[in-house]
Amino acid sequence: MGVARTASMSRHRHAMELHLPEGHRQALEAHCRRTGESAHHVLRAALGDYLDLEHHTLWQVSTSTAVVEGVSQGCLRVGELAHHGDFGLGTFDHLDGEGVLLEGECWQARADGSLSRAPDEELTPFFVVTHFQSDQQHHFEQVTSWADLCSRLDALRPSDNLFMAIRVHGLLDRIEVRTVSAVETGTDLEAAAAVQTVFDHRNLSGTLVGFWSPGYVSSLNIPGYHFHFLSDDRQCGGHVLENGALEAARLTVDLHLESDLRVALPQTRDFLQADLSRDPSEALARAEAKPC
């Protein structure tokens with residue numbers, strides 16, 4: 001019989017001794033060698049999956065207001081995101097590109113059009129993640145625009161007061177995405193978005209990774225729909241522009257309801273000294289849309 005031990009890390013966690021059949025132990029060790037994950041992480045995730053824990057939790061680092069006001073210094077390593085989810089979006093140190101977390105892999109789309117796996121050591125100033133598990137699946141035919149997609153999603157949401165994680169996959173006849181270049185410390189989001197690079201892709205298969213957030217959280221998150229795109233061939237990605245082109249003959253849509261919000265606030269000097277009292281709604285709307 002194999003034995004896996006977990007150490008007590010605080011007074012809120014308890015040491016346990018788990019006796020595993022030899023086959024389970026070998027499979028666990030092989031998985032850890034292949035992925036680099038610790039046995040503690042794998043066992044915790046498996047137990048959470050069995051007990052349906054954290055499947056409806058939205059976890060984020062920092063706030064949308066902080067990013068709007070120019071607090072773009074990275075405060076969390078990308079590798080730490082795996083402890084909180086396998087699906088999500090965000091950005092990187094000093095807004096150096098758009099981040100997409102899909103199936104546990106974090107990708108970085110830069111303004112030069114390149115896409116690469118984000119190193120675990122890369123820092124992020126803002127990221128939103130969840131453990132995605134589809135609660136319902138739908139198929140949308142003949143999607144003609146961003147507004148059309150959002151209208152159909154509106155009909156499926158059970159409430160305007162809860163969060164929703166949304167995964168959309170299919171062949172996009174056309175999709176416009178943007179990426180932002182790295183900026184100097186203190187540069188606000190509107191100024192950064194003013195020099196964004198826009199890419200117009202045709203006949204490209206991929207996934208839209210996104211969330212719908214209630215209007216009352218505008219100081220914490222981006223209200224309404226927010227999507228990043230990742231191509232199936234892992235050659236391109238970016239932020240999906242709200243008023244940009246989006247067309248597809250058929251899309252598969254998976255929805256995951258989020259009822260638990262957890263926010264980790266940075267303790268960097270920039271965050272602690274920033275004035276975050278301004279309503280960011282208008283600035284966010286301008287920064288998220290396609291430039292005129």
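**Exercise 1.** In this predicted model, find how many bridges join strand E3 to E17, and how the two strands run.

*Solution.* Start at residues 57–61, which make up strand E3; five bridges join E3 to E17, and the two run parallel. For one facing pair, look at Val 61, which stands opposite Ala 264 in E17. Now step back to the whole sheet: seven strands form an open sheet with mixed pairing, in the order E8-E7-E6-E5-E10-E3-E17. Strand E8 (115–117) and strand E17 (260–264) each have a single partner strand, so they stand at the edges and one side of each lacks a neighbour in the sheet. From one strand to the next, the twist averages 20 degrees.

**Exercise 2.** Check whether the span of helix H1 agrees with a rise of 1.5 Å a residue.

*Solution.* Helix H1 covers residues 22–35, which is 14 residues. The expected span is 1.5 Å times one less than the number of residues, so these residues should span 20 Å. The end C-alpha atoms are 20 Å apart, which agrees. Just after H1 comes Gly 36, with a positive phi of about 85 degrees.

**Exercise 3.** Work out where Glu 103 and Asn 203 are found, and whether each is buried or exposed.

*Solution.* Begin with the backbone: most residues other than glycine have a negative phi. Glu 103, however, has a positive phi near 55 degrees, and Asn 203 has a positive phi of about 50 degrees. Next, place them: Glu 103 is in the loop between strand E6 (98–102) and strand E7 (105–109), whereas Asn 203 lies in strand E13 (residues 197–213). Finally, apply the cut-off, where exposed means over 50% relative accessible area. Glu 103 has 66% relative accessibility, so it counts as exposed; Asn 203, with 57%, is exposed too.

Conventions. Residues numbered from 1 in each chain as written. Predicted model: local features only at pLDDT ≥ 70, side-chain atom pairs only at ≥ 80, totals over all residues. Heavy atoms only, no water. Helix = DSSP H or I, 4+ residues; strand = E, 2+ residues; numbered from the N terminus. Pairing = 2+ DSSP bridges. Axes fitted to C-alpha atoms, helices over the stretch in contact; angles between N-to-C directions. Buried < 20%, exposed > 50% of the residue type's maximum accessible area, 1.4 Å probe, protein only.
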